[in-house]
Amino acid sequence: MALLPILEFPDARLRTVAKPVEQVDDRVRAIIDDMFETMYDAPGIGLAATQVNVHEQIIVIDISENHDEPLVFINPRIDVLDETLFDYEEGCLSVPGFYEEVTRPRHVRVTALNRDGEEFVLEPEGLLAVCIQHEIDHLKGKLFVDYVSNIKRQRIRKKLEKQHKERA
């Protein structure tokens, strides 16, 4: 396993739309293992392949306290089950240090493949539903900062660009 570099906003590669995984094989499982290692090290609770410059529809999530409930979503499809919206303060490994309220559906259905290529269906609510929607957005080239005002987004962009220059 290996730690992968996480792309940070405003990197244009984060806007790439991910392609479906054609075959779940050892190559894909190796990417999944590297993504979990990267996510846990960051530390985070979710990571989309797009964030590590792999433009395939792969998501890893673990919202447990002890990192013992890993979830893999390959080629995820989402349906809203409850139109009720709620606000949740979201952060992102690709937008480090920033948290903003985002409004999303409370209850969704996700159909995806697991790490063995088997289809499964999950109907999460709350934090897991938010996390899945957030990561699926990444696969579509969308970031949580796209849900905030243009002024806030530009402020975040400028601060991160300044941090990137200071590190270089």
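**Exercise 1. Place helix α2 against the sheet.**

Helix α2 (residues 126-139) lies across β1, β2, β3, β4 (95-113) and β5. Its direction is about 115° to β3. Axes here are lines fitted to C-alpha atoms, for helices over the stretch in contact, and angles run from 0 to 180 degrees between N-to-C directions. Contact means heavy atoms within 4.5 Å. Helices (H or I, at least four residues) and strands (E, at least two) are DSSP runs, numbered from the N terminus.

The model is predicted: local features need pLDDT of at least 70, side-chain atom pairs count only at pLDDT 80 or more, and totals for chains, interfaces and linings use all residues. Residues are numbered from 1 along each chain as its sequence is written, and side-chain values use heavy atoms, with hydrogens and water left out.

**Exercise 2. Work out the strand order and find the edges.**

Step 1. The 5 strands form an open sheet, ordered β1-β2-β3-β4-β5, with antiparallel pairing. Two strands pair if DSSP finds at least two bridges between them.

Step 2. The edge strands are β1 (46-48) and β5 (119-122), since each pairs on one side only. From one strand to the next, the twist averages 50°.

Step 3. Now the register. β1 and β2 (residues 58-61) run antiparallel, joined by 3 bridges. L47 has V60 as its bridge partner in β2; A48 has I59. On to β3: β2 pairs with it over 4 bridges, again antiparallel. There, I58 stands opposite I74.

**Exercise 3. Sort the side chains of β2 by direction.**

In a regular strand the side chains alternate between the two faces of the sheet. I58 and V60 point one way from β2; I59 and I61 point the other way. All are buried, that is, under 20% relative accessible area, against over 50% for exposed and partly exposed in between (1.4 Å probe, protein chains only).

**Exercise 4. Describe the surroundings of V72.**

Step 1. V72 sits in strand β3 (residues 71-92). Its relative accessible area is 10%, so V72 is buried.

Step 2. Leaving out residues up to four places away in sequence, V72 touches I32, F36, I59, V60, L113, N114, R115 and F120.

Step 3. A112 is 40 residues from V72 along the chain, yet their C-alpha atoms are separated by 8.5 Å.

**Exercise 5. Which residues of α3 are buried, and which are exposed on the other side?**

Step 1. R153, I156 and L160 are the buried residues of α3. Seen down the helix axis, they fall within an arc of 65°, so they line one face of α3. The arc is that of the directions from the helix axis to the C-beta atoms.

Step 2. β4 is included in what covers them.

Step 3. On the other side of α3, I151, K158, K162, K165 and E166 are exposed.
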